[in-house]
Amino acid sequence: MCGIVGCILKNNEKAAPVLLDCIKKLEYRGYDSVGIATVSDKINIKKDAGQINKVNLELDLADMPGNYGIAHVRWATHGDPNKANSHPQVDNTGKIAVVHNGIIENYEVIKKELESQGHVFKSDTDTEVIPHLIEKYMDQGMDLEHALIETIGTIHGAYAIAVISLDEPNKILATRKDSPLIVGVGEDQYFVASDSPAILEYTRNIIYPERDEIVILEPEGVTIKDKQGNILEKEIEVIEWTPKMAQKEGYDYFMIKEINEQATAVKNTLTEKENIEKIVEDLDDINRICFVACGTSYHASLTGKYLIESLAGIPVDVILASEFKYSTNTLNEKTLVIFISQSGETADTLKALDIANKTSKTLGIVNVAGSSVTRRANYVIHTQAGPEIGVAATKTYLGQLTAIYMLAGLLAKNNTLMEELDRVPEFIEELLLDTNSIKEMATRYKDNNDFYFIGRGYSYPIALEGALKLKEITYIHAEGYAAGELKHGPLALIDIGVPVVVVLPPGEDHRKTMSNLEEVKSRGARVIAIGASDDAMLISKSDDAFTINPDVTDIISPLVYIIPLQMLAYYIAIERELDPDKPKNLAKCVTVE
Ligand code: F6R
């Protein structure tokens with residue numbers, strides 16, 4: 001949700017090409033507009049609405065003088081996605097430029113006051129108050145650092161900000177509160193960015209600034225201070241991700257690359273076993289678990305409920321992070337609240353985590369090391385999926401499921417589950433060897449306007465997740481239902497030719513879901529079935545089937561059966577000539593509530 005970058009280079013190297021390269025890597029955070037500002041004898045700005053490649057063709061963003069600058073990709077919150085609302089935003093004089101990720105909640109009051117003092121605003125953004133406030137405080141005699149400190153004392157809301165001023169050359173200042181910001185310490189080149197993939201090409205040495213710390217980038221190095229001006233000793237962490245991991249590596253889109261990396265994501269996450277064993281040992285007195293998450297991570301949590309309740313006998317609730325604050329009265333010190341988030345920066349999830357930390361033990365299951373959830377939760381399990389750039393979560397979902405399965409297996413001391421889990425990468429690899437039938441299905445179903453996904457038990461969250469993937473990247477209306485719920489209402493929607501995806505692994509509920517399949521079929525639905533390759537009945541009753549190794553049991557099916565549904569969504573998006581990596585109106589990291 002907006003991405004920011006700042007970089008300062010030594011030796012008079014041009015910063016604009018580096019800024020352009022870095023900001024391209026953050027395009028998954030927003031693609032409503034892009035802009036870069038650099039400093040030479042003046043502040044140079046190029047910006048416009050649209051995706052980076054389009055704007056770059058028009059403006060040649062890398063062709064700007066100056067060895068330092070800031071850049072931004074926007075996911076619009078306040079103001080249409082147009083040129084005026086693109087960042088960087090500037091003050092009255094054009095000497096101060098700012099990029100911002102977050103929301104300034106009190107911007108209207110500040111704007112009115114500044115206007116009454118003669119400030120002229122040129123955009124509808126909340127961000128524009130920041131350069132004007134800095135200008136005001138510098139006019140009162142403060143230096144840039146103090147003007148920034150005063151500004152963050154005036155604004156309310158969430159922010160990661162980077163600022164440059166012509167009056168204080170060779171310096172980028174940055175700060176954050178409730179929006180992510182990292183500092184990259186390279187050789188003769190220093191960075192701030194919303195997320196590490198932006199700068200992996202240049203450095204893997206990262207510092208994580210805390211709330212309202214002031215980061216100062218200069219050609220000689222990085223200084224981080226508290227608001228009182230004390231210089232802080234911050235640890236430099238070396239991130240394990242490599243630049244190659246954040247590249248397409250020959251694939252057309254990140255999403256299909258990431259779908260194909262899922263066996264590895266599971267394998268790598270299995271290495272967290274020792275860490276999870278220690279956490280489970282430590283948590284021997286809990287008597288209830290609450291999962292809290294959004295979107296795909298919420299679907300992973302639902303699988304966790306089925307698993308932990310049935311195997312470990314611990315009661316489990318699953319709560320949407322944005323609804324969590326309405327369910328906190330029953331939390332206590334024996335409740336473990338588990339926060340699942342690939343980004344570790346989702347605003348709703350972080351708000352809920354802060355609430356839960358007051359009463360209960362908290363555990364984060366997170367893909368991005370160093371992210372806010374990892375720093376605020378009592379315990380952390382890292383999903384080892386590597387950087388995920390496609391906006392639609394795929395391999396991180398598999399990483400989350402793997403972590404949840406290990407947690408459930410260890411809580412329940414269920415060795416059989418752990419052994420089954422070890423075979424999952426092999427099942428995924430086998431499935432990915434031949435997915436032509438899914439590609440062909442996509443050509444047949446690309447023009448449908450409505451899709452329904454049904455499943456029972458472990459397959460119900462798969463149906464929900466399959467529907468979410470389809471709607472977010474193809475813009476086709478899709479709903480997931482518990483198979484048994486169909487007859488309680490949704491069956492009225494089934495008509496001739498409506499596609500119904502039936503998730504039907506082998507298992508004790510097979511017969512019941514098969515009856516639901518018959519029910520939709522007898523009302524004219526076109527049935528796409530996902531089932532075991534030896535399931536002759538399923539194959540004969542469906543219009544299209546994608547089959548999977550029969551050794552994949554019901555209990556581990558969520559880790560495998562979701563893959564054909566991710567692929568169906570992907571290939572339908574391709575057939576509809578849509579970019580699956582950048583679905584409209586969405587962004588990878590949702591840092592606003
Ligand atoms: C869907 C998707 C979103 C995220 C949700 C939570 O493909 O990616 O639904 O799952 O925004 O994000 P995280 O997991 O980063 O908290």
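This report walks through a sheet, its packed helices, one further helix and one buried threonine in a predicted model.

**The sheet**

Eight strands, written as 8 in the order β3-β2-β4-β1-β10-β9-β11-β14, make an open sheet with antiparallel pairing. Its edges are β3 (43-49) and β14 (237-238), and each of these pairs on one side only. Inside the sheet, β2 (residues 33-39) and β4 (residues 68-74) run antiparallel and are joined by 6 bridges. Ile36 stands opposite Ala71 in β4.

Two helices pack on this sheet, as the table shows.

| Helix | Strands touched | Direction angle |
|---|---|---|
| α1 (residues 15-24) | β1 (3-9), β2, β4 and β10 (189-193) | about 150° with β1 |
| α2 (residues 52-59) | β2, β3 and β4 | about 130° with β3 |

**Helix α9**

Helix α9 covers residues 295-312. At 1.5 Å a residue, its 18 residues should span 26 Å, and the end C-alpha atoms are 25 Å apart, so the two values agree. Its buried residues include Tyr298, His299, Leu302, Leu307 and Ile308. Gly304 is also among the buried residues. Just after α9 comes Gly313, with a positive phi of about 70°.

**Thr362**

Thr362 lies in strand β18 (residues 361-366). Is Thr362 buried or exposed? Its relative accessibility is 0%, so Thr362 counts as buried. Leaving out residues up to four places away in sequence, Thr362 touches several others, including Leu336, Val337, Phe339, Arg376 and Tyr379. Thr335 is 27 residues from Thr362 in sequence, and their C-alpha atoms are 8.5 Å apart in space.

Note on methods:
Residues are numbered from 1 along each chain as its sequence is written. This is a predicted model: local features need pLDDT of at least 70, side-chain atom pairs count only at pLDDT 80 or more; totals for chains, interfaces and linings use all residues. Side-chain values use heavy atoms; hydrogens and water are left out. Two strands pair if DSSP finds at least two bridges between them. Helices (H or I, at least four residues) and strands (E, at least two) are DSSP runs, numbered from the N terminus. Contact means heavy atoms within 4.5 Å. Axes are lines fitted to C-alpha atoms, for helices over the stretch in contact, and angles run from 0 to 180 degrees between N-to-C directions. The expected span of a helix is 1.5 Å times one less than its number of residues. Buried means under 20% relative accessible area, exposed over 50%, partly exposed in between (1.4 Å probe, protein chains only).
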